[in-house]
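Here are my notes for you, written as numbered points. Keep the picture open while you read, and look up each residue as it comes along.

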Amino acid sequence: MNQPEINQNASFVISNACYDIISMIHNKSKALEVYEKYFQDVTGDTQLTQLLIDIRHDEQRHIERLKNHLGRVLTDSSRPVEQTTLPH
């Protein structure tokens, strides 16, 4: 069976914005894993449990927003990349 030939010199370039969005999605997803461990530690503390539920919900919502934005950025190649300065 013939294997497809792989060009070792080929490169795939993404914008800094795409990379940053992917990194944020990854980091927020890892945070969700950590929150699950925290839930085990806070059994019996209703207020802290509710706080973690709220934080987890916010993280999930943020991940969905980032995924939607990433899709737009990846499919709209004609749009120039905007540079944004985040507030300190």
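1. Start with the parts list: the chain has two helices and zero strands. Keep in mind that this is a predicted model. Buried residues come to 16% of the 88 residues in the chain.

2. Now for the helices themselves. H1 runs over residues 16-41, and H2 over residues 46-75. H1 has 26 residues and spans 38 Å from its first C-alpha to its last, close to the 38 Å expected at 1.5 Å a residue. You can run the same kind of check on H2: its 30 residues should span 44 Å at 1.5 Å a residue, and the end C-alpha atoms are indeed 44 Å apart, so expectation and model agree.

3. How do the two helices sit against each other? Two packed helices are described by the angle between their axes and the distance between the axes. For H1 and H2, the axes come within 9 Å and cross at roughly 160°. An angle over 145 degrees counts as roughly antiparallel, so H1 is roughly antiparallel to H2. The crossing of H1 past H2 is left-handed. As for what lies in the contact of H1 with H2, its residues divide into 17 nonpolar, five polar and five charged.

4. Which residues of H1 are buried? They are Cys18, Ile21, Ile25, Ala31, Leu32, Tyr35 and Phe39. H2 is part of what covers them. On the other side, the buried residues of H2 are Leu52, Glu59, Ile63, Leu66, Leu70 and Val73, and these pack against H1.

5. Have a good look at glutamate 59 in helix H2. Is this residue buried or exposed? Its relative accessible area is 13%, and the cut-off for buried is under 20%, so glutamate 59 counts as buried. Skipping its neighbours within four places in sequence, you will find glutamate 59 in contact with Lys28, Leu32 and Tyr35. Two of those names should ring a bell, as Leu32 and Tyr35 are on the list of buried residues in H1.

6. Next, go to arginine 56, also placed in helix H2. With a relative accessible area of 23%, arginine 56 is partly exposed. What does it touch, leaving aside its neighbours within four places in sequence? Its contacts are Leu32, Tyr35, Glu36 and Phe39. Another distance you can check on screen is the one from arginine 56 to glutamate 33: they are 23 residues apart along the chain, with 9.7 Å between their C-alpha atoms.

7. Two further residues of H2 are good for practice. Leucine 48 lies in helix H2 and is partly exposed, at 31% relative accessibility. From leucine 48 to tyrosine 38 is 10 residues in sequence and 9.8 Å in space, C-alpha to C-alpha. Lysine 67 is found in helix H2 too, and its relative accessible area of 43% makes it partly exposed. Lysine 67 and isoleucine 22 are 45 residues apart along the chain, yet their C-alpha atoms are separated by 8.2 Å.

8. Last, step back to the whole chain. Take the contacts between residues at least 6 apart in sequence: of these, 64% join residues at least 24 apart. Lys28 and glutamate 59 are one pair in contact that you have already met.

Key. Residues are numbered from 1 along each chain as its sequence is written. This is a predicted model: local features need pLDDT of at least 70, side-chain atom pairs count only at pLDDT 80 or more; totals for chains, interfaces and linings use all residues. Side-chain values use heavy atoms; hydrogens and water are left out. Axes are lines fitted to C-alpha atoms, for helices over the stretch in contact, and angles run from 0 to 180 degrees between N-to-C directions. Helices (H or I, at least four residues) and strands (E, at least two) are DSSP runs, numbered from the N terminus. Angles under 35 degrees count as roughly parallel, over 145 as roughly antiparallel, 65 to 115 as roughly perpendicular and the rest as oblique. A crossing is left-handed if the near helix is turned anticlockwise from the far one by less than a right angle, and right-handed if clockwise. Ala, Val, Leu, Ile, Met, Phe, Trp, Tyr, Cys and Pro count as nonpolar, Asp, Glu, Lys and Arg as charged, and the others, Gly among them, as polar. The expected span of a helix is 1.5 Å times one less than its number of residues. Buried means under 20% relative accessible area, exposed over 50%, partly exposed in between (1.4 Å probe, protein chains only). Contact means heavy atoms within 4.5 Å.
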